[in-house]
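Here are a few short exercises to work through with the model open beside you. Try each task before reading its solution.

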Amino acid sequence: MVLDLVGVGIGPANLSLAALASQVDGLRARFLDRTPEFHWHPGLLIDGTTLQVPFLADLVSLVDPTHPLSFLSYLRDHDRLFPFYFAERFHIPRAEFDDYCRWAVKRLPSCTFGQEVTQIRWSSTQEAFEVITPTETLLARNVVLGVGTEPVIPEALRGFARHSAQYLEVRDCLLREDDVTVVGSGQSGAEIFLDLLRRRGGGLRWLTRTPAFAPMEYSKLGLEQFTPDYTRFFHTLPEPTRDALVPAQWQLYKAISADTIADIHDELYKRTVGGGWPDVTLAPGIEVVNATRDSDAIELTVRHRHQDITGTVRTNAVVCATGYHERDLTGILGELIGLRDDSGRYTVDADFRIGLTPEVTGSVFVQNAERHTHGVGAPDLGLTAWRSATILNAVCGQVYRLPERTAFTTFGLVREKRRAT
Ligand SMILES: Cc1cc2nc3c(=O)[nH]c(=O)nc-3n(C[C@H](O)[C@H](O)[C@H](O)COP(=O)(O)OP(=O)(O)OC[C@H]3O[C@@H](n4cnc5c(N)ncnc54)[C@H](O)[C@@H]3O)c2cc1C
């Protein structure tokens with residue numbers, strides 16, 4: 001049987017697609033993930049951490065709030081609507097989002113775990129993609145890659161540090177060390193620093209290359225850069241402009257929530273009552289350029305980027321909260337990738353379709369692998385349901401009605417209509 005759609009990877013992105021697809025009559029879809037069961041960033045489900053977006057950025061609500069797999073349906077299913085109502089929480093605990101997604105997975109028979117897709121080929125005779133796993137080959141007219149991102153450890157620290165993605169696995173070991181260094185000042189770095197500060201009290205250092213421990217942009221108009229309107233506008237920009245914009249927007253995605261900064265400050269302040277000073281170092285503008293190990297410590301060579309001087313730091317353990325990068329899709333897609341941009345990257349059209357070689361008549365779509373074409377919103381949960389619906393509409397025709405206007409801001413120059421006098 002040739003399926004209409006196969007989703008590779010089941011993180012929130014393809015889970016949203018699976019949920020929306022489940023309501024489309026007659027659509028034959030399957031979703032595969034290589035892990036044995038769904039888990040959302042298990043190494044970072046630290047107690048007290050919350051989603052950075054309101055709960056309405058669930059799998060479906062921003063496209064169809066009446067969908068049976070909405071977050072509110074999950075609450076109703078567990079008879080938790082009243083407690084939620086009184087809690088007045090827009091930003092739910094991260095562990096609750098994980099539990100909600102697992103609840104949704106159980107209601108989606110199209111999702112199969114423990115199946116790694118190793119290759120995708122095009123069969124001209126069948127006019128379908130062969131989606132190959134070690135145990136089966138599925139045939140599909142369309143494929144959606146939602147394979148997520150992978151942790152990055154800077155070259156200088158490889159072999160000397162653990163990544164923040166493994167934090168909860170290694171936390172007990174970190175608590176036994178005399179001196180711990182956290183590198184990186186995004187949200188994960190801040191959450192790990194705060195958790196270690198609360199548990200250890202001191203013997204803690206926080207280094208970051210960025211010039212300041214900066215707050216994440218969270219103003220209402222600033223957040224409009226995470227709308228379909230902005231995403232569509234970004235997609236129309238020339239490649240060099242897009243490439244210049246993404247790093248310039250770092251405070252939209254690389255910074256720290258103001259609440260976490262306040263919690264860290266409170267925790268430090270508490271330690272000064274009575275005249276003490278916390279036994280911690282918080283140092284921005286610092287890059288780790290080398291690491292060596294001897295019998296009792298790791299020695300880091302660090303450089304201050306503005307002073308342009310180097311020094312050394314001795315520590316017992318290093319956690320890198322240095323982010324993630326998009327997975328290389330060439331392994332899985334092989335020769336199928338056709339068009340490339342000036343930097344050799346695959347192209348992605350407005351409907352999230354990769355430019356493939358001309359003989360391929362089916363489509364491969366991507367979710368969360370299109371920052372270079374669609375901008376900073378690619379990993380954002382607030383755009384996930386909209387992107388899934390856009391892909392479904394491209395595959396099946398207009399099955400989900402999407403709003404034309406999603407921001408008060410006008411992105412790009414549009415001719416203003418003259419008012420009648
Ligand atoms: C700790 C953390 C917190 C975050 N919090 C927020 C937040 O609050 N708000 C927000 O907007 N964004 C947040 N993000 C960003 C983003 O929403 C998440 O990274 C989200 O998990 C991305 O979903 P995804 O489906 O694209 O990828 P993932 O969740 O990474 O899922 C990808 C899946 O693909 C599977 N896979 C990979 N290769 C294959 C293969 N070959 N075959 C089969 N399966 C495969 C993997 O096993 C994985 O399950 C957060 C990110 C992190 C790291």
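Buried area is the accessible area, taken with a 1.4 Å probe, that two parts lose on being put together, summed over both. Keep in mind that this is a predicted model.

**Exercise 1. Find the domains and state how far apart their C-alpha centres lie.**

Step 1: Domain 1 is made of residues 2–148 + 327–396, while domain 2 takes in 151–216 + 255–320.
Step 2: Between the C-alpha centres of domain 1 and domain 2 there are 33 Å.

**Exercise 2. Describe the interface between domain 1 and domain 2.**

Step 1: Start with the area: domain 1 and domain 2 bury about 740 Å² between them, and carbon and sulfur atoms carry 59% of it.
Step 2: Next, list who takes part. Contacts link eight residues of domain 1 with 13 residues of domain 2.
Step 3: Look for charge pairs. The count between the two domains is one salt bridge.
Step 4: Sort the domain 1 side that touches domain 2 by class: four residues are nonpolar, three polar and one charged.

**Exercise 3. How far apart are the closest N and O atoms of glutamate 191 and arginine 94?**

Step 1: The cut-off for a salt bridge is 4 Å between a side-chain nitrogen of Lys or Arg and a carboxyl oxygen of Asp or Glu.
Step 2: For glutamate 191 and arginine 94 the distance is 2.7 Å, and the two form a salt bridge.

**Exercise 4. Which residues surround the ligand, and which of their atoms lie by its oxygen and nitrogen atoms?**

Step 1: There are 30 residues around the ligand, and Asp33, Trp40, Gln52, Asn368 and Leu381 come nearest.
Step 2: Check ligand oxygen. A polar backbone atom of alanine 13 is 3.0 Å from an oxygen atom of the ligand, and a polar side-chain atom of histidine 41 also lies 3.0 Å from a ligand oxygen atom.
Step 3: Check ligand nitrogen. Here valine 117 places a polar backbone atom 2.9 Å from a nitrogen atom of the ligand.
Step 4: Finish with cover: on its own the ligand has 980 Å² of accessible area, and the protein covers 88% of that.

Methods
Residues numbered from 1 in each chain as written. Predicted model: local features only at pLDDT ≥ 70, side-chain atom pairs only at ≥ 80, totals over all residues. Heavy atoms only, no water. Domains from an automatic or database assignment. Contact = heavy atoms within 4.5 Å. Nonpolar A, V, L, I, M, F, W, Y, C, P; charged D, E, K, R; others polar. Near = heavy atom within 4 Å. Polar contact = N/O pair within 3.5 Å; in protein donor to acceptor, adjacent residues only side chain to side chain. Areas by Shrake-Rupley, 256 points an atom, 1.4 Å probe, with all protein chains shown as cover.
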